[in-house]
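Colleague: Before I use this model, I would like to go through the terms applied to it. Please set each value against its definition.

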Amino acid sequence: MTLATDSPEPGLALACHWLKVQVLGPGPGLLVHPTDDMARADIQGCPEEQRLMRYLASGRDSWLACRAAARWAGVEFGAKTRVLDFACGFGRFLRWLRAEAAEVEVATGDLLPEANTVVAETFGVHPVPGASDADELELGGPYDLIWVGSLFSHLELNVMPGFVRALYDALTPRGVLLLTTHNPSVATGAAADAEFGFFAHSESQRLPNEF
């Protein structure tokens with residue numbers, strides 16, 4: 001594992017101090033797995049320390065959005081709350097959930113078995129197996145909240161309904177499903193005029209661009 005504060009880069013050290021102020025703190029929250037493609041993705045030639053900080057900051061942005069939407073829907077993050085972080089990766093979102101709502105019961109699922117193992121060992125969560133076919137999912141539950149970040153942006157339209165139904169069926173009667181997609185601003189050319197557009201692209205080198 002890579003500890004963000006181990007870097008001699010002064011910019012990264014300053015950013016890590018900011019993260020501590022933002023209650024992520026030292027320990028598991030700052031551990032980034034060396035094979036985490038989301039943390040290592042080279043976008044616009046940024047140096048590694050900037051990519052790492054962008055990764056951690058985007059995880060916090062996701063957590064803040066999830067927390068606000070959940071509370072708006074009446075879900076509080078207490079000791080009896082059950083949450084599923086689906087398509088969890090190596091913990092980009094999860095580290096923030098764990099830092100700020102440690103008492104919540106958390107399950108995670110990802111298509112990469114290695115990711116399931118890492119987050120279970122690092123963050124003390126219960127892993128459920130991922131699957132590329134929605135009919136093969138065994139999600140457990142029921143859950144008060146299911147968070148799905150950066151999965152549906154990688155699914156073609158004909159695949160989406162099966163995953164939405166499987167996730168919906170894993171909720172409590174008053175449970176909430178939160179998922180992210182790209183907004184229309186990323187569309188160009190003919191896709192800009194369509195109601196739905198799909199781009200075969202992924203930061204991961206080990207997952208298919210689409211299911």
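Modeller: Two strands pair if DSSP finds at least two bridges between them. Helices (H or I, at least four residues) and strands (E, at least two) are DSSP runs, numbered from the N terminus. This is a predicted model, in which local features need pLDDT of at least 70, side-chain atom pairs count only at pLDDT 80 or more, and totals for chains, interfaces and linings use all residues. Residues are numbered from 1 along each chain as its sequence is written, and side-chain values use heavy atoms, with hydrogens and water left out.

Colleague: What makes strand 4 and strand 5 a pair?

Modeller: Four bridges join strand 4 (residues 105–110) and strand 5 in the parallel sense, and pairing asks for at least two. In one of the bridges, Gly-109 is partnered by Val-128 of strand 5.

Colleague: In what order do the strands of the open sheet run, and why are strand 5 and strand 7 said to stand at the edges?

Modeller: The order of the five strands is 5-4-3-6-7, with parallel pairing. Strand 5 and strand 7 (171–179) each have a single partner strand, so one side of each lacks a neighbour in the sheet. On average, neighbouring strands of this sheet are turned by 20° against each other, direction ignored. Axes are lines fitted to C-alpha atoms, for helices over the stretch in contact, and angles run from 0 to 180 degrees between N-to-C directions.

Colleague: Which strands does helix 5 touch, and which does helix 6 lie across?

Modeller: Helix 5 (residues 113–123) packs on the sheet and touches strand 4 and strand 5, its direction making about 160° with that of strand 4. Contact means heavy atoms within 4.5 Å. Helix 6 (residues 160–169) lies across strand 3 (82–86), strand 6 and strand 7, at about 140° to strand 7. The protein chain has six helices and seven strands in total.

Colleague: Why is Cys-66 called buried?

Modeller: Buried means under 20% relative accessible area, exposed over 50%, partly exposed in between (1.4 Å probe, protein chains only). Cys-66 has 0%, so Cys-66 is buried. Cys-88 is at 6% and therefore also counts as buried. Of the 211 residues of the protein chain, 41% are buried.

Colleague: How many disulfides does the structure hold?

Modeller: Zero. A disulfide is a pair of cysteine sulfur atoms within 2.5 Å.

Colleague: What makes Glu-136 and Ala-79 exposed?

Modeller: The cut-off for exposed is over 50%. Glu-136 has 53%, so Glu-136 counts as exposed; Ala-79, with 59%, is exposed too. Glu-136 sits in the loop between strand 5 (126–129) and strand 6 (143–148), and Ala-79 in the loop between helix 3 (48–72) and strand 3.

Colleague: Why is Ala-87 only called partly exposed?

Modeller: Its relative accessibility is 21%, so Ala-87 counts as partly exposed. Ala-87 lies in the loop between strand 3 and helix 4 (94–100). Its phi is near 60°, a positive value in a residue other than glycine. Most residues other than glycine have a negative phi, and most peptide bonds are trans.

Colleague: Where is there a cis peptide bond?

Modeller: Between Gly-141 and Pro-142, with omega about 5°. Pro-142 is in the loop between strand 5 and strand 6.

Colleague: What is the average pLDDT of the protein chain?

Modeller: The average is 78, and 66% of the residues score at least 70. pLDDT is the predictor's confidence in each residue, from 0 to 100. Residues 1–8 have a pLDDT below 50, and this stretch has 22 contacts in the model beyond near neighbours in sequence.
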